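Reader: I have a structure to look at and would like to go through it slowly. Could you take my questions one at a time and explain each term when it comes up?

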Amino acid sequence: MTVLVKVKKGKTYTLGIQPFTEKSGDDSDELKLALDTKKYSKSYDSLQDQAKALKAYIDTIYLNKDNADYEKYVSENKEAVQTEAYKTFKKAFNDNITDDISDADMKKYYEAYKSAAAEKAKLDAEAVASYKNKAVVKLTYSTISMDDISEKVEQYADEYLDNSENYDSEKAKKYALSKFDSIVSSMEPKEAEDPAEVSMVKKDGKWTVWQENDYTNELEEAFAGGEVY
């Protein structure tokens with residue numbers, strides 16, 4: 001029988017198990033087991049491999065940062081996930097700012113966004129559960145919000161129109177987007193109200209994010225699409 005118990009590192013516990021008997025009146029002795037978590041410090045340290053894997057996953061896929069832990073702990077088709085991340089950014093940009101952008105310009109804006117996020121995003125990952133080839137990692141994070149970027153772009157467009165004799169919205173938009181690099185580099189990161197609990201699975205001896213979990217979409221929407229709640 002497998003029993004999962006939530007414990008704290010460095011603490012000692014007594015686990016009590018009361019056998020169930022079908023005959024009424026039968027008293028069975030409680031089985032007591034001593035648990036000293038200090039004896040499992042090595043396995044606790046290995047538990048944090050999942051946290052290192054998740055941080056390396058975000059650094060590499062979404063922030064374009066070098067993280068040696070990616071090759072060590074992560075099993076993932078990097079190019080395929082990065083392609084999906086770009087699609088998510090493009091959709092967020094189209095929905096929040098404008099959809100009249102060439103692919104070349106969109107990629108330029110995405111690179112600027114990733115560069116700014118790499119500098120300012122904050123990640124705190126902690127493995128909170130693990131059993132065999134599955135794990136849950138709690139991620140507290142902040143990153144650059146697309147809503148904040150959109151608001152600043154609108155301010156620049158309004159500034160152009162206020163100082164122009166002709167109401168030319170296309171020129172106003174072009175002027176505002178010319179400021180995109182400085183806009184994203186000036187943004188303060190926005191912190192998510194609640195941590196994400198990211199499910200991970202182990203494949204071929206390494207970890208990856210479980211793609212069928214809702215929090216997987218949250219990761220992509222937050223770090224590629226700038227949706228931070």
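Reader: Is Asp95 buried, partly exposed or exposed?
Author: This is a predicted model, in which local features need pLDDT of at least 70 and side-chain atom pairs count only at pLDDT 80 or more, while totals for chains, interfaces and linings use all residues. Residues are numbered from 1 along each chain as its sequence is written, and side-chain values use heavy atoms, with hydrogens and water left out. Buried means under 20% relative accessible area, exposed means over 50%, and partly exposed is in between, with a 1.4 Å probe and protein chains only. Because the relative accessibility of Asp95 is 55%, this residue counts as exposed.

Reader: With which residue does the side chain of Asp95 meet in a salt bridge?
Author: A salt bridge here is a side-chain nitrogen of Lys or Arg within 4 Å of a carboxyl oxygen of Asp or Glu. For Asp95 the N to O distance is 2.8 Å, and the partner sits four residues apart from it in helix α4 (residues 78-96), so about one helical turn separates the two. Helices are DSSP runs of H or I with at least four residues, strands are runs of E with at least two, and both are numbered from the N terminus. The partner, which is exposed because its relative accessible area is 53%, is Lys91.

Reader: Which residue forms a salt bridge with Lys55, and is that residue buried or exposed?
Author: The closest N and O atoms of this pair are 3.2 Å apart, and both residues lie in helix α2 (residues 49-61), four residues apart, about one turn of the helix. Lys55 itself is partly exposed, because its relative accessible area is 33%. The residue that pairs with Lys55 has a relative accessible area of 3%, so the answer is a buried residue, Asp59.

Reader: Which residues are joined into one network with Lys107 by salt bridges that share partners?
Author: Lys107 forms a salt bridge with Asp103, with the closest N and O atoms 3.5 Å apart. Because these two are four residues apart in helix α5, about one helical turn separates them. Lys107 is partly exposed at 44% relative accessibility, and Asp103 is also partly exposed, at 35%. Salt bridges that share partners join Lys107 into one network with Asp103 and Lys90.

Reader: Which helix gives the largest share of the largest nonpolar core?
Author: A nonpolar core is a set of buried Ala, Val, Leu, Ile, Met, Phe, Trp, Tyr and Cys residues joined through side-chain atoms within 4.5 Å. The largest one holds 59 residues, and among the members that touch the most others are Leu54, Tyr141 and Ile149. The largest share of this core, eight residues, comes from helix α5 (residues 103-120).

Reader: What is the relative accessibility of Asp204, in the loop between β6 and β7?
Author: Strands pair if DSSP finds at least two bridges between them, and four bridges join the antiparallel strands β6 (residues 196-203) and β7 (residues 206-209), with Lys202 having Trp207 in β7 as its bridge partner. The two strands form a hairpin with two residues between them, and Asp204 in the turn has a positive phi of about 55°. Asp204 counts as exposed, because its relative accessibility is 81%.
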